[in-house]
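Good morning, colleagues. Please take a moment with the sequence and the structure on the screen before I begin.

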Amino acid sequence: YKHMKITILNGDPNFKSSQFSKNIGDVVAKMEQKNAITTYNLAEMDLHFCSGCWSCWWKTPGLCAIKDDADAIFRSAINCDLLVFASPLFAGFTSAELKKITDRLIVLLHPYIQLIDGECHHRKRYPKYPDLGVLLAKEPDTDDEDLSIVRDVYDRLAINFHSKVAMFMYLDNEQQNN
């Protein structure tokens, strides 16, 4: 494997005490020898939901009008080779912490549209976008439909990022409790 820059967006609201975040830490420890890894524990950051103001497209292209900790994430995301979205599932979907920053990544795209496979998608703002990875922890009642919905959301994001989902993994409840 080549040396990679990896950014992990840890959406675990209980990152200080959960087995999920401990497992992420273990993976990072193993991968740090050959890679540059930046992990953001989103629950400890000042992050707000997208307001839908479109300033990042029209008033200040590429810059979000919301002044919080997201700018560091935007810079890291666009400059990495692999952007990992990590979250335990809650009610069948990722955490609110992860969802709010996922929505705000729209700042990294142009508002202009192009056709990709017969669908309208955003044009690139930057010459290179990272591959995406998704790491989930299942709930006891997680089913294939829940996983399919989450997978579809990140597959669609990958299309807009002119990229691909290179990794989609989840932990079974038994693995979380070991």
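I shall go through the overall fold, then the surface and charges, and finally the aromatic pairs.

Let me state at the outset that this is a predicted model.

I begin with the secondary structure. The protein contains five helices and seven strands. Read from the N terminus, the order of these elements is β-α-β-α-β-α-β-β-β-α-β-α.

Next, the overall dimensions. For a chain of 178 residues, a compact globule would be expected to have a radius of gyration near 16 Å, and the protein agrees with this, at 16 Å. Along the principal axes, the C-alpha atoms occupy a box of roughly 50 × 35 × 35 Å.

How much of the protein counts as buried? The figure is 47% of the 178 residues. As for the contacts, consider those between residues at least 6 apart in sequence: 73% of them join residues at least 24 apart.

I turn to the surface. The exposed area of the protein is about 9,600 Å², of which carbon and sulfur atoms supply 53%. The protein carries 20 positive and 24 negative charges, and the mean positions of these two sets lie 10 Å apart.

The remainder of my talk concerns the aromatic rings. With ring centres required to lie within 6.5 Å, the count comes to five aromatic pairs. One of the pairs is formed by Phe85 and Tyr154: the ring centres are 4.8 Å apart and the planes stand at 45°, so the pair is classed as tilted. Which elements hold these two residues? Phe85 belongs to strand β3, residues 82-88, and Tyr154 to helix α4, residues 144-160; the pair therefore ties together parts that are 69 residues apart in sequence. Both Phe85 and Tyr154 are buried.

A further pair is made by Tyr126 and Tyr129. Here the arrangement is edge-to-face, with 6.3 Å from centre to centre and 65° between the planes. Are these two residues buried or exposed? Tyr126 has a relative accessible area of 29%, so this residue is partly exposed. Tyr129 has a relative accessible area of 9% and is therefore buried; the cut-off for buried is under 20%. Tyr126 and Tyr129 also belong to a cluster, in which ring pairs link them with Phe161.

To close, I would leave you with two items to locate on the screen: the tilted pair of Phe85 and Tyr154, and the cluster of Tyr126, Tyr129 and Phe161. Thank you for your attention.

Terms used. Residues numbered from 1 in each chain as written. Predicted model: local features only at pLDDT ≥ 70, side-chain atom pairs only at ≥ 80, totals over all residues. Heavy atoms only, no water. Helix = DSSP H or I, 4+ residues; strand = E, 2+ residues; numbered from the N terminus. Rg over C-alpha atoms; globule rule 2.2 N^0.38 Å. Buried < 20%, exposed > 50% of the residue type's maximum accessible area, 1.4 Å probe, protein only. Contact = heavy atoms within 4.5 Å. Areas by Shrake-Rupley, 256 points an atom, 1.4 Å probe, with all protein chains shown as cover. Lys, Arg positive; Asp, Glu negative; His and termini not counted. Charge placed at Lys NZ, Arg CZ, Asp CG, Glu CD. Phe/Tyr/Trp six-rings, centres within 6.5 Å; stacked < 30°, edge-to-face > 60°.
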